[in-house]
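Hi,

Here is the structure I promised to pass on. Have a look at it first, and my notes follow underneath.

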Amino acid sequence: MSEPRISEPHVLDQPWRVWATVTVLAIVIIGVILGVVVIPVVQGRSAGIDAYTAICRALGILPGSPAEPQPFDRTPSTPVSQVTWTPEVLQILARADPERGRAKVAEVCVACHGEQGVAVVPEVPNLAGQSGAAIYKQLHDYRTDSRTHPQMSVIAKALEDAQIADVAAYYAGQPKRNPDPATLAESPAAIVRLVELGDPARNIPPCAACHRPGAGGPIEAPILSEQDRDYLIAQLKMYASGERRNDVYGRMRTIAARLTPAEIAGLARYYRAGFK
Amino acid sequence: MTELHPEMHERRILGTELLWAFGVGVLVAATLSMIVFTALTMNINPPSNVERIDPKALHLSGEFAEHNLGTTVAADGSVTTRVVATQFMFVPRCIAVPQGRRVTLRFSTPDVIHGLLITGTNVNTMVVPGYVAQVHTEFTRSGDLLMPCHEYCGIGHSEMWATVQVLPEGEFKPDSEGKVSCAQR
Amino acid sequence: MRNVERLCLAHFWVAFGAFLAAAVLGTWQMWVRSPLGADVGTPGQYFMSVTAHGVAMGYVLTTFFIMGFGYFVAVTALARPLPGKAWAWFAFWMSIVGVIMTTVPIATGSASVLFTFYPPLTGSPWFYIGLVLVVVGSWIWCVLMIVAMAAWKRENAGRPVPLAMFGTVANAIMWLWTTVGVAAELLFQVIPAALGLTQTIDVGLARTLFSWTLHAIVYFWLLPAYIAFYTMAPRAAGGRLYSDTMGRLTFILFLIYSLPVGMHHLLMDPEHGNGTKFIQVLLTAFVSAPTLLTIFTITASLEIAGRLRGGRGLFGWIAALPWDRPMVLAVGLSFVMLGFGGFGGLINMGYGMNAMIHNTSWVTAHFHLIFGGSVVIMYFAIAYEIWPRLTGRGYTSLAPLRAQLWLWFIGMMVMTLPWHWLGLQGQWRRVANFNYADPIIAGWGPWVIVSFVAGLVLLASALLFVRNLLVLHLSPQAAIARPLYALAVHPPQRVPAALNGFALWNVLVLIVMALAYGYPIAQFAIAPSPSAIVHRIE
């Protein structure tokens, strides 16, 4: 074969440059015309939507479909909890001072919740090592009457946001220390199954999916490990009856209503024993 | 060098490739034409509704507050169902919809990405925090349908599903506020 | 060839080691979610396994295999030593560090976010940083591939770049474009959130950036298989490549049309309008073209081989092909799976039909069949073909190789076809345990078991694959020198610059991406979506 000739760029390449560009751009432009103009305008006609609105909807500048009218119905309602996890609230929690919290706790909380967060009065929750966001939410809900309790409602209404955050940070920093080893050997398989696997037939997710720290569940889910047994049973019963309703979107109300009394008692024992 | 078979001449090879490419082009055009045709005549669209809503305050909003969820019939007769997808439950976990009428389903979430489908129907959408997902459909057959969460939303994803009761016209009765709840069975 | 043996083998063994581990995990997952394993494992363990399986198969097996194969092609197709070999080793070790950095948080349960990340679910920052290191290592590979081709072109002015290298560099350039999306998502959104620098994340933007990568990455995985189709299969069959030009065009078409189509993974998402989705659906239809063209060209090439071996009549050449050769067998099996998987892809593309199967088992079936099936079986075939050159040893028998390929094909078909069917019935994805007491779900149980049994077959095939390669290292027989790359029927003497380089195509990719993704991404700056709180998994 003869020596390969150097290619002559203009002769070989010009048609490629031109035709490739024309073809590819034509394809895209056809797509734009069809998708953003033709289809929405035609669809809008059958639904009585003008062309401009239809095109804006197709681009996503306006909400709704180019082919259907948009529903309007808006009803004002009373939300079950006023707490929203905005960056501002998270900043308040991040800036909380446990030392100021300790002072407030000594003033207001120790009588029932103890200095280290271990309850000194029966049916009062332990707060040691509890999630700061969970404590913050409950105090806030007491303040707005989303959750009611003869003493806690009064106490919470005297606290400001920053003080609530301080108290929450203080108790969150208290180490857990009080498992009840006597119950460790007694967790029946059915309870462990509820905690780890849930029950898909009853729409019950595993308790651990929300209540184990680091599970990636709701921010306000409290940590249940080492919680007081009678307090847990009382709360689950109040959720089941609807008496307590500050769980956003009724998740605990729905779940508690589907637990049997034996399961409620078993779960309370499980968590009291210090399992996570 | 032996004489090359006529089928193997350069022009012939190019010819067959171009012929095949033309066939491929026809296939591509046919597929796209079908999509355009159904879009123009049957209003087939992907569920798109670029409507922004703050997930952090979803439970405070008028529309997606707890009391307002479920199916509501408006004064003009339009049926709208509002459902919230959360970790790890649809709220409400049972919704009632009418058979044979146009329904608008609106979904939102206060937390993470969810998704849902309703078995046996064309309802399928992602629920992305920050947006209201909206699907328009008509349920053609009565009965109970399954609506699972089909996108990974955390450890409790497998237990997240809801029921859709498609009620025949006679059983689909709104109460005084226009709301329709699931029949107790 | 001496130049890169150790480099290639290092990459391949990391890839195949990850592959084997992921195969074990995948089989475990199928057991757990079947009726047989209803009480086994917690959801935490299941999603940890899904994350590990996805990262290993989708990021480690693929990236390391492609890098190793690329170095091999750069040396053998261009017949010159690899430029910047020290950089190649640096990239390898950096990627290894990245893999370890990613694996540890997965194993401790701090990164159960799956290989598709799903913000605002956020895992340990080391998980993401490790993956960034793997990607940066692959970027170094991309640069080395481009440099190798440019150096060859300087020394061989005016001559067409060998097709295998042209395809490899097309893949490298496509990868550079592809990774922009996930890199932006990780560097600007997810890693700051994981480090605690931000408390919220714009989920719509994160999903859109990830979709930029999500479709093109599967073509990054697929192109080496096509390189084997065009440059190795015809030679292995004893024939010629029907058209070299069509090979070049295929790689170029993939480069242009793999990228501006990612939004078809977001067809069911609320954050984009119908119109912008339609544009990318239209472009998706065009990405089917290079595959269809390839099927014709390779079939024609095999027909040449068959007729040269004495095949007569309309179909007689098929039987005449040397099916005892692993590369030929793999191409045949791959084409069958490509037919089924590709058909599924056309369904996924039409959003009306997509609404029936989005996030059901159909999707899982589709990508296991098309990637795990058609593409990975070609990875096996490539490994079998080049291992003698890398080790200097020869196979004493090809029977175990063929057996392994058949097991993979049978396992993959039997595993994925029921999944397609279950997806149509509404079986949804990423479930650790189903409620088999529900009458609808109970009906799915037997098919889930069938898929699980097929998964065991796949596991056996995976073990046999690794065994076959290990055994070759110890083989008493020396490798027989054989030509590797196919000649075209009409080897090109001169090709236009457009078919010999990528300057024009890079410009077109930029324009098309701006048109397809420009507004969809810009809208997040124009009208930011309300951001979601980060949910930390620790």
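Before the notes on chain A, one definition: domain bounds here come from an automatic or database domain assignment. Also keep in mind that this is a predicted model.

With that in place, chain A splits into domain 1 (9-59), domain 2 (87-172) and domain 3 (181-272). If you take centres over C-alpha atoms, domain 1 of chain A and domain 2 of chain A sit 59 Å apart.

Two spots in chain A caught my eye. One is helix α2 of chain A, residues 51-59, whose buried residues are A:A54, A:I55, A:C56, A:R57, A:A58 and A:L59. Just after α2(A) comes A:G60, with a positive phi of about 90 degrees.

The other is A:I92, which belongs to helix α3 of chain A, residues 87-94. Is A:I92 buried or exposed? Neither, quite: A:I92 has 17 C-beta neighbours inside 10 Å, so it counts as partly exposed, given that buried takes 20 or more and exposed 12 or fewer. Leaving out residues up to four places away in sequence, A:I92 touches A:D161, A:A162 and A:A165. As for A:A257, it lies 165 residues from A:I92 along the chain, and 34 Å separate the two C-alpha atoms.

Next, chain B, where I spent a while on β2(B). Seven of the eight residues of β2(B) are buried, so the rest of the structure largely encloses this strand. Here is how β2(B) pairs up:

- With strand β1 of chain B (residues 70-73), β2(B) pairs in the antiparallel sense over four bridges. B:T72 is the residue opposite B:T80 in β2(B). The hairpin of β1(B) and β2(B) has five residues between the strands, and in it B:G77 takes a positive phi near 90 degrees.
- With strand β5 of chain B (residues 102-108), the pairing of β2(B) is parallel, over six bridges. There B:R82 stands opposite B:R106 in β5(B).
- With β3(B), β2(B) runs antiparallel, joined by three bridges. B:V84 faces B:V91 in β3(B) across this pairing, and the hairpin that joins β2(B) to β3(B) does so through two residues.

The same β2(B) turns up again where chains A and B meet. In that contact, 40 residues of chain B touch 41 residues of chain A. On the chain B side, the elements that give two or more residues are α1 (10-42), β2 (79-86) and β3 (89-91). By class, this side of chain B holds 15 nonpolar, 18 polar and seven charged residues.

Then there is the contact between chains C and B. How many residues does each of these chains put in? Chain C gives 56 and chain B gives 51. On the side of chain C that touches chain B, at least two residues each come from α2 (43-76), α6 (203-231), α9 (274-308), α12 (351-357) and β3 (532-533) of chain C. The biggest contributor to that side is α9(C), with eleven residues. Sorted by class, the side of chain C that touches chain B has 32 nonpolar, 18 polar and six charged residues.

My counts above are residues in contact, whereas the size of an interface is often given as the accessible area lost when the parts come together.

Cheers

Definitions and conventions: Residues numbered from 1 in each chain as written. Chains lettered and ligands numbered in written order. Predicted model: local features only at pLDDT ≥ 70, side-chain atom pairs only at ≥ 80, totals over all residues. Contact = placed C-beta atoms within 7 Å. Nonpolar A, V, L, I, M, F, W, Y, C, P; charged D, E, K, R; others polar. Pairing = 2+ DSSP bridges.
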